[in-house]
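The following exercises ask the reader to work through a protein model step by step. Please consult the sequence and the structure while following each solution.

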Amino acid sequence: MTIWVDADACPTVIKDILYRAAERKQLPLVLVANQPLRVPPSKFIRTMQVSAGFDVADDAIAEQCEPGDLVITADIPLAADVIKKGGQALSPRGELFTKSNIGSRLNMRDFMDTMRSSGEHTGGPPPLHQRDRMQFANELDKILARA
């Protein structure tokens with residue numbers, strides 16, 4: 001199993017949890033971003049810089065992930081692509097995307113896009129709280145225990 005991170009929007013505290021997990025489980029962790037990233041020195045952790053552009057990092061992750069891999073992303077279309085390929089997708093807030101919930105998540109995302117494009121101010125995501133970090137760490141531990 002490789003853990004892929006949609007790193008441009010991933011909070012630092014979540015990356016820190018992932019760094020520790022990669023070392024503890026000795027699993028490859030790849031952070032994909034369109035800018036240079038600083039990561040701790042490790043034979044398990046690496047970065048992949050992609051060119052700037054809309055969905056370039058997402059496309060690189062979707063192309064390279066394999067069945068059984070885990071992708072950390074808040075991007076619903078990327079999560080859907082990963083699930084189609086037989087991978088797992090987990091949001092930085094600890095929400096596990098599955099075959100049974102990804103369709104409704106895509107529908108809600110599309111609905112919100114339509115609202116925003118019509119001029120409706122929908123606001124952004126709420127700040128990441130301690131309970132979100134705990135939920136993420138707990139879900140990550142469950143996934144890694146099954147791997």
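Five exercises with worked solutions follow.

The model is predicted: local features need pLDDT of at least 70 and side-chain atom pairs count only at pLDDT 80 or more, while totals for chains, interfaces and linings use all residues. Residues are numbered from 1 along each chain as its sequence is written, and side-chain values use heavy atoms, with hydrogens and water left out.

**Exercise 1. The sheet**

Determine the order of the strands in the open sheet and identify the strands that stand at the edges.

Solution. Begin with the terms: helices (H or I, at least four residues) and strands (E, at least two) are DSSP runs, numbered from the N terminus. Two strands pair if DSSP finds at least two bridges between them.

Next, read the order of the 6 strands, which is β3-β2-β1-β4-β5-β6, with mixed pairing. At the edges stand β3 and β6; each has a single partner strand, so one side of each is left without a neighbour in the sheet.

Then examine individual pairs. β1 and β2 are parallel and share 4 bridges, and D6 stands opposite V32 in β2. β1 also pairs with β4 in the parallel sense, over 3 bridges; here W4 has V71 of β4 as its bridge partner.

**Exercise 2. The surroundings of β2**

Establish how many residues of β2 are buried and how its two faces are covered.

Solution. Apply the cut-offs: buried means under 20% relative accessible area, exposed over 50%, and partly exposed in between (1.4 Å probe, protein chains only).

By this standard 5 of the 5 residues of β2 are buried, so the strand is largely enclosed by the rest of the structure. Now separate the faces: L29, L31 and A33 lie on one side, V30 and V32 on the other, and all are buried.

**Exercise 3. Two helices**

Describe what the buried residues of α1 and α2 pack against.

Solution. Start with α1, residues 12–25: at 1.5 Å a residue (the expected span being 1.5 Å times one less than the number of residues), its 14 residues should span 20 Å, and its end C-alpha atoms are 20 Å apart, which agrees. The buried residues of α1 include I14, I17, L18 and A21. An α-helix has 3.6 residues a turn, so residues three or four places apart point the same way. The packing partners of the buried residues of α1 are β1, β2, β3, β4 and α5 (130–146), where contact means heavy atoms within 4.5 Å.

Turn next to α2, residues 56–64, in which A57, D58, A60, I61 and A62 are buried. These buried residues pack against β1 (3–6), β2 (29–33), β3 (45–49), β4 (70–72) and α3 (76–84).

**Exercise 4. The nonpolar cores**

Identify the element that supplies the largest share of the largest nonpolar core.

Solution. A nonpolar core is a set of buried Ala, Val, Leu, Ile, Met, Phe, Trp, Tyr and Cys residues joined through side-chain atoms within 4.5 Å.

The largest core has 23 residues, of which I3, V5, L18, L29, I72, F136 and L140 touch the most other members. At least two residues of this core come from each of β1, α1, β2, β4 and α5. The largest share, 6 residues, belongs to α1.

Take I3 as an example: leaving aside neighbours within four places in sequence, its contacts include L18, L29, I72 and L144. A second, separate core of 20 residues includes W4, I61, L78 and A80.

**Exercise 5. Residues in loops**

Locate Q26, D55 and N101, and describe each one.

Solution. Q26 is in the loop between α1 and β2. Its phi is near 55°, a positive value in a residue other than glycine, and at 53% relative accessibility Q26 counts as exposed.

D55 belongs to the loop between β3 and α2. Its phi is likewise positive, near 65°, and D55 is partly exposed, with a relative accessible area of 29%.

N101 is placed in the loop between β6 (96–97) and α4 (102–117). A polar atom of its side chain lies 3.1 Å from the backbone oxygen of L96, and one lies 2.7 Å from the backbone nitrogen of T98. A polar contact is a pair of N or O atoms within 3.5 Å; within protein, one must be able to donate a hydrogen and the other to accept it, and residues adjacent in sequence count only if both atoms are side-chain atoms.
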